[in-house]
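The following exercises ask the reader to work through a structure step by step, beginning with a ligand and its surroundings and moving on to rings and backbone. Each task is followed by a worked solution.

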Amino acid sequence: MFIKGEWCDAAGGKTFEVTNPATGEKIADVADGGQADAARAIDAAHAAFAGWSGMTAYDRSRILYKAWELMSARQADIARIMTQEQGKPLRAAMNEVRYGADFLLWYAEEGKRVYGETIPAPRADQRFIVLHQPVGVVAAITPWNYPASMITRKVAPALAAGCTIVLKPAEATPLCAIEIFKVLADAGVPEGVANLVTGFDPAPIGEEFVTNPLVRKITFTGSTETGKLLAKGAADQMKRVSLELGGHAPFLVLKDADPVFAAKGAVLVKYLNSGQACICPNRLFVHRSGVDAFTEEFVSRVTRMRAGNGLDDGISIGPLVNEKAIEKVERQVADATAKGAEVLCGGHRLMEDGLDRGHFFAPTVLANVTPDMLIYREETFGPVAPIIPFDDDDDILAMANDTHYGLAAYVYTQNLSAAMRTFEGLRFGIIGINDINPTGAAAPFGGMKESGLGREGGHEGLGEYLETKLGGFSV
Ligand code: NAP
């Protein structure tokens, strides 16, 4: 762990194992921190707050810029560690490290643009001035699926805003977090400004985050279930919360779209990170006129994918994170087939060629999926694609919006008005229009409905770490 500028063990001296999900092998022992460690880290962050928030934005910017340089220089090493602890193919890991580093660079710049405002006041002898100030100590919790970028997406804007931070990464992927904190330390982030608490049991650390009055903001990325728990806890002290939660993205292929082009995009984004991304499509709605061409192209691409250890060449499908993830996917496939879905390819766990040592599931395509099936409602978080034909473009918005999630959605069409109508009508925070990667450090990322609160990335992402203060001056 990294607390008050020093690498340290957990207070109780315990450790836990990190394993490679592709091979089952242990790759490291990591400090198993708990509530006392979290409290110590919060104290350190609190003590550092006055100094860090009192520095100029220019000085903070220089440190973040240095962190970007270091993370970029170390990208190959960090990517390798990511593939070993998380499983994604090395090329995807490199992409993620670059995406993660982008937040450091972008917020190094944006931190210099925390402008205030003067507002015409209602009285002639009055002046209104608005300031934006850092919220204070931030407690951050991140998931395992994007173990580097989900950290920098929080740490970079928090530090740029002048906040100090305590981070708890996912138990499956603490090694990437450790690498990022080495980057921050080497870049010159002062003692106590950024603290890392690793732990096997998240509950006591989360409890300290929500109950410790020194923490003024909770920022969380993970499941909707845990997000609700933290938001309820944070409400007691009215802490600020930002929540990046689960999704159930619809992927719409409208009547006039090119179904083959759409299938190419759909495969890339569906099987991203073996289906373990919050923006992965969970329902592929294809107009009936194009469904055969779409399905043929889709299945042909999927059957050419190779699953295996992400460190090996030519691998496009890594393992799922653990046995629970395999069980969830198996349950959804069994439920769908029992209710009439057809398995076009995959549909089972992969056990050959040593894959039984890891958590591999064959990339799967299901046809004849209907609204009564679990997969139609529940986030899959695995490599299973349900194809659902539809007959009328006019019905599709209601079908796509029929979910309590609202994170990402995709629409393929060659008709400009259909694109605009769908863009405006979808109740999702991120919409790709003939585009499967509508993300970037400069762009606001986040969900509507039960997919979360607030945005990360862009100037909105900085605003999440700032309070607005109005000054009314009598002159
Ligand atoms: P999760 O179980 O909610 O875990 C996420 C983080 O919360 C982990 O660090 C976890 O620690 C921690 N956690 C779990 N229970 C906690 C508690 N009681 N108190 C405090 N912390 C607790 O989610 P996940 O399954 O790892 O992640 C996948 C989910 O994240 C999916 O639903 C996905 O859609 C969502 N996600 C959303 C975004 C987005 O930007 N919207 C991005 C990526 C992922 P442990 O690891 O130790 O359990």
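For the first exercise, Ala, Val, Leu, Ile, Met, Phe, Trp, Tyr, Cys and Pro count as nonpolar, Asp, Glu, Lys and Arg as charged, and the others, Gly among them, as polar. The model is a predicted one.

**Exercise 1. Describe the shell of residues around the ligand and its make-up.**

Solution. Begin with the list of neighbours: the ligand is surrounded by 30 residues, and T142, W144, E171, S223 and E379 are the closest. Next, sort the shell by residue class, which gives 16 nonpolar, nine polar and five charged residues. Then turn to the domains: domain 1 (2-245 + 449-474) and domain 2 (249-433) each contribute to the shell, and therefore the ligand lies between them.

**Exercise 2. Find side chains that place a polar atom close to a ligand oxygen, and state how much of the ligand the protein buries.**

Solution. Take the side chains one at a time, with a polar contact requiring N or O atoms within 3.5 Å. In E379, a side-chain N or O atom is 2.6 Å from an oxygen atom of the ligand. For R153, the distance between a polar side-chain atom and a ligand oxygen is 2.7 Å. The side chain of E244 has an N or O atom 3.4 Å from an oxygen atom of the ligand. As for burial, the ligand taken alone exposes 900 Å², of which the protein buries 87%. The last step is to assign the shell to elements: two or more residues come from each of α5 (149-161), α7 (202-211), β10 (215-221) and α8 (224-235), and α8, with three residues, provides the largest share.

**Exercise 3. Classify the ring pair of F2 and W7, and compare the burial of its two members.**

Solution. A pair of aromatic rings is described by the distance of the centres and the angle of the planes. The structure contains 13 aromatic pairs. In the pair formed by F2 and W7, the ring centres are 4.7 Å apart and the planes stand at 45°, so the pair is classed as tilted. Turning to accessibility, F2 is buried because its relative accessibility is 7%, whereas W7, at 40%, counts as partly exposed. Elsewhere, F251, F261, Y410 and Y412 are joined by ring pairs into a cluster.

**Exercise 4. Locate N273 and N434, whose phi values are positive although neither is a glycine, and decide how accessible each is.**

Solution. For N273, phi is about 55°, and the residue sits in the loop that runs between α9 (259-270) and β13 (281-287). Its relative accessible area is 9%, so N273 is buried. For N434, phi is near 55°, and its place is the loop between β18 (430-433) and β19 (452-453). Here the relative accessibility is 33%, and N434 therefore counts as partly exposed.

**Exercise 5. Trace two contacts that involve helix α1 (residues 35-54) or strand β8 (residues 164-168).**

Solution. Start from F49, which lies in helix α1 and, at 21% relative accessibility, counts as partly exposed. Its C-alpha atom is separated by 6.7 Å from that of G136, although the two residues are 87 residues apart along the chain. Continue with T164 in strand β8, a residue that is buried, with a relative accessible area of 0%. A polar atom of the T164 side chain is 2.8 Å from the backbone oxygen of A45.

Technical notes: Residues numbered from 1 in each chain as written. Predicted model: local features only at pLDDT ≥ 70, side-chain atom pairs only at ≥ 80, totals over all residues. Heavy atoms only, no water. Near = heavy atom within 4 Å. Polar contact = N/O pair within 3.5 Å; in protein donor to acceptor, adjacent residues only side chain to side chain. Areas by Shrake-Rupley, 256 points an atom, 1.4 Å probe, with all protein chains shown as cover. Helix = DSSP H or I, 4+ residues; strand = E, 2+ residues; numbered from the N terminus. Domains from an automatic or database assignment. Phe/Tyr/Trp six-rings, centres within 6.5 Å; stacked < 30°, edge-to-face > 60°. Buried < 20%, exposed > 50% of the residue type's maximum accessible area, 1.4 Å probe, protein only.
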